[in-house]
Amino acid sequence: MACSVGLTVFVSSGVVWYEYTSLTDGMTTSNAIAVTKKDAPKHLDNSVNLLLIGLDSRKNMDGSDVDPSIVQNELHAGADSSIGGYNTNSLILLHIPANGGKVQAVSIPRDDWVMTYSGDGSSMGMAKIKEAYGNAKEQFNKSPKAKGLKGADLEKAGRDAGRAATIRTVQKFVDQPVDHIAEVNLMGFYDIADALKPIEVCLTHPVNDPIIPRTPGKEGGGTGLKLPAGHSFLNAADALSFVRQRHNLNDGHGNNDDFARTHRQQAFISSVMHKLKQQGVIGDLGAMQKMFGVVQKDLVIDNEWNILDFAQQAPALTGGNVEFNTLTYDTGDKKGDPPQDVNIVTPAKIQKVVKQVFGGADAAAPVPAPTDAPSADATATQSPTPTQAAAPATVDVFNASSAAGVSSSNEAKVLVGMGFKEGKTGPAATRPKTTTVTYGKGAKEAADQIAARYGVTPTESASTGAGRVVVTLGTSFDGVASDRPAAPSAAPSDPAANIPMQGPKVEAQSDGGIPCVY
């Protein structure tokens, strides 16, 4: 669910600064990444991992209940706002390779039995991975940190604790960093589906999932969804039922209903991306404003995320070139009090699988071909040298390039690694063809060192603050040659080939953009 909304944002946000600021000004943001990134696993390059969180909550952002009549009649999700709690019923980790290429996404089954961690890294004990969010939120609400907080403020702080716990738990489970998050709840999914309806889906078999009323001692269930095999066009309520159905779904691959539902969610994301491209939502101001209005109240992103910059960096993602796989497990068992069905997993095995998939995606990413007359940027060498200390300066980086893998935030990371202090990042206000470096009073030495990286000559500017250097990545900038890894001799065409997964992969570009699932 979070993925479909999140990818909608990514596709829609690759426009102009006006739309970017109007989008993010009204959006809920979280500090969860800042809390968890200090001791997170590290990337070996400038690739980006994005965690998409689908929260099974019937609560509004301020903690108030969603209208019970809407929950029951439109969402088909019962009438009690306590149902679902704060479980993260959808967790998808996307890996965007540094140099472009196909995005690899792995769905983490919600019932995997793992060690869970709070946002500060302390253990919360073994539990289903979906429960880390709610357990951490409850733990925070009972802690001294919650003293004096009430209403919406308490809800926001508690949810941030839940997000941080989910990030920590996922990072430790798969041994991969989480750079950004996007989160949406049931109401958010419904709203985005309503804005895009009808949603086209495809089933390999007909489905009939009658609603079973909840009675004393009996959980109940069912969505009421009834669809034929083949292609169908769904309204928002049926779209939600399509991705939430978990009964009558044994998919013929030995998977239980939960795994088949995960494949439904992956297929729905592909359908949304296909429709956005097909209908030309990008560039249609009216359609985009409607989408932004929905996104602003339903989606939560981390406060370190520059969406427009990200959209420029990830053309494969915004273009719909995504492959989804579902992580497997060892066996089923019953754990907890009271005992519940869980997936027994071996973290070392999962980490090996994820590393293979993500590492294969990095190896398969295209390496930009050299031109007959390389630009100054392409032939520049990194400076300062290992024996030369970086001169003191704060560096702002702004990006005018649309080349794959290029972003102001990634370039800023490189400059910080060279010893300079990170300043502002974001899209460039101007669009010079060649990268420019300007500096203020007292920053000439640093500017010379930085300019050497790009093979250009720095210019002093009265509008640049003292001790500050401004780098504007030109429209022709496609990276610095010395940063690029050597091209692999035989890059795998499918990073997930021959790697054990739970059921078949779902590709966002298969069947004209609408993959068929069980």
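The exercises below, each with a worked solution, concern a predicted model of a protein.

**Exercise 1. Overall composition**

Determine how many helices and strands the protein has, and what percentage of its residues count as buried.

Solution. Begin with the secondary structure, which comes to 16 helices and 22 strands. Next, consider burial: of the 518 residues, 53% count as buried. Finally, turn to the contacts with a sequence separation of 6 or more; residues 24 or more positions apart account for 77% of them.

**Exercise 2. The largest nonpolar core**

Identify the elements that each supply at least two residues of the largest nonpolar core, and state which gives the most.

Solution. The core has 26 residues, and those with the most contacts inside it are F189, L227, A239, F242 and F268. At least two residues each come from helix 7 (186-196), strand 8 (199-203), strand 10 (225-227), helix 8 (236-244) and helix 9 (257-278). Helix 7 gives the most, with 7 residues. A239 may then be followed outward: beyond its neighbours within four places in sequence, A239 is in contact with F189, A193, I199, L234 and F268.

**Exercise 3. The setting of helix 8**

Establish why helix 8 is described as largely enclosed by the rest of the structure, and which residue caps its N-terminal end.

Solution. The burial count gives the reason: 8 of the 9 residues of helix 8 are buried, so the helix is largely enclosed by the rest of the structure. The buried residues are A236, A237, A239, L240, S241, F242, V243 and R244. The N-terminal cap is N235, a side-chain oxygen of which lies 3.3 Å from the backbone nitrogen of A237.

**Exercise 4. Aromatic pairs and charges over rings**

Classify the aromatic pair of Y86 and Y133 and the pair of Y454 and F477, and locate each partner in the chain.

Solution. The count comes to 2 aromatic pairs. In the pair of Y86 and Y133, the ring centres are 6.4 Å apart and the planes are at 0°; since planes under 30 degrees apart count as stacked, the pair is stacked. Y86 lies in the loop between helix 4 (68-73) and strand 3 (88-96), and Y133 lies in helix 5 (residues 132-141), so the pair ties together parts that are 47 residues apart in sequence. To assess burial, apply the limit of under 20% relative accessible area: Y86, at 15% relative accessibility, counts as buried, and Y133, at 0%, counts as buried.

The pair of Y454 and F477 has a centre-to-centre distance of 6.0 Å and 65° between the planes, and is edge-to-face. Y454 is in helix 16 (residues 444-454), and F477 is in the loop between strand 20 (468-473) and strand 21 (506-507), 23 residues apart. Both Y454 and F477 are buried.

A charge also sits over the ring of Y86: the charged end of K137 is 4.5 Å from the ring centre. Elsewhere, K172 lies over the face of Y117, 4.9 Å from the ring centre.

**Exercise 5. Strand pairing**

Give the strand order of the open sheet of 5 strands and name its edge strands.

Solution. The order is 17-16-20-18-19, with mixed pairing. The edge strands are strand 17 (421-427) and strand 19 (459-460), each of which pairs on one side only. Strand 16 (residues 394-399) pairs with strand 17 in the parallel sense over 5 bridges; V395 has E422 in strand 17 as its bridge partner.

For an antiparallel case, take strand 5 (residues 112-117) and strand 6 (residues 123-128), joined by 5 bridges. In strand 6, A127 is the bridge partner of V114. Strand 5 and strand 6 form a hairpin with 5 residues between them, and G121 in the turn has a positive phi of about 95°.

**Exercise 6. Backbone exceptions**

Locate the cis peptide bonds from K197 to P198 and from D337 to P338, and the positive phi of D175.

Solution. The general expectation comes first: most residues other than glycine have a negative phi, and most peptide bonds are trans. The cis bond joining K197 and P198 has an omega of about -5°, and P198 is in the loop between helix 7 and strand 8. The cis bond from D337 to P338 has omega near 0°; P338 is in the loop between strand 14 (331-335) and strand 15 (340-344). Phi of D175 is near 55°, and D175 is in the loop between helix 6 (151-174) and strand 7 (180-185). At 43% relative accessibility, D175 counts as partly exposed.

Definitions and conventions: Residues are numbered from 1 along each chain as its sequence is written. This is a predicted model: local features need pLDDT of at least 70, side-chain atom pairs count only at pLDDT 80 or more; totals for chains, interfaces and linings use all residues. Side-chain values use heavy atoms; hydrogens and water are left out. A nonpolar core is a set of buried Ala, Val, Leu, Ile, Met, Phe, Trp, Tyr and Cys residues joined through side-chain atoms within 4.5 Å. Buried means under 20% relative accessible area, exposed over 50%, partly exposed in between (1.4 Å probe, protein chains only). Helices (H or I, at least four residues) and strands (E, at least two) are DSSP runs, numbered from the N terminus. Contact means heavy atoms within 4.5 Å. A polar contact is a pair of N or O atoms within 3.5 Å; within protein, one must be able to donate a hydrogen and the other to accept it, and residues adjacent in sequence count only if both atoms are side-chain atoms. Rings of Phe, Tyr and Trp (its six-membered ring) pair if their centres lie within 6.5 Å; planes under 30 degrees apart count as stacked, over 60 as edge-to-face and the rest as tilted. A charge sits over a ring if NZ of Lys or CZ of Arg is within 6 Å of the ring centre and within 35 degrees of the ring normal. Two strands pair if DSSP finds at least two bridges between them.
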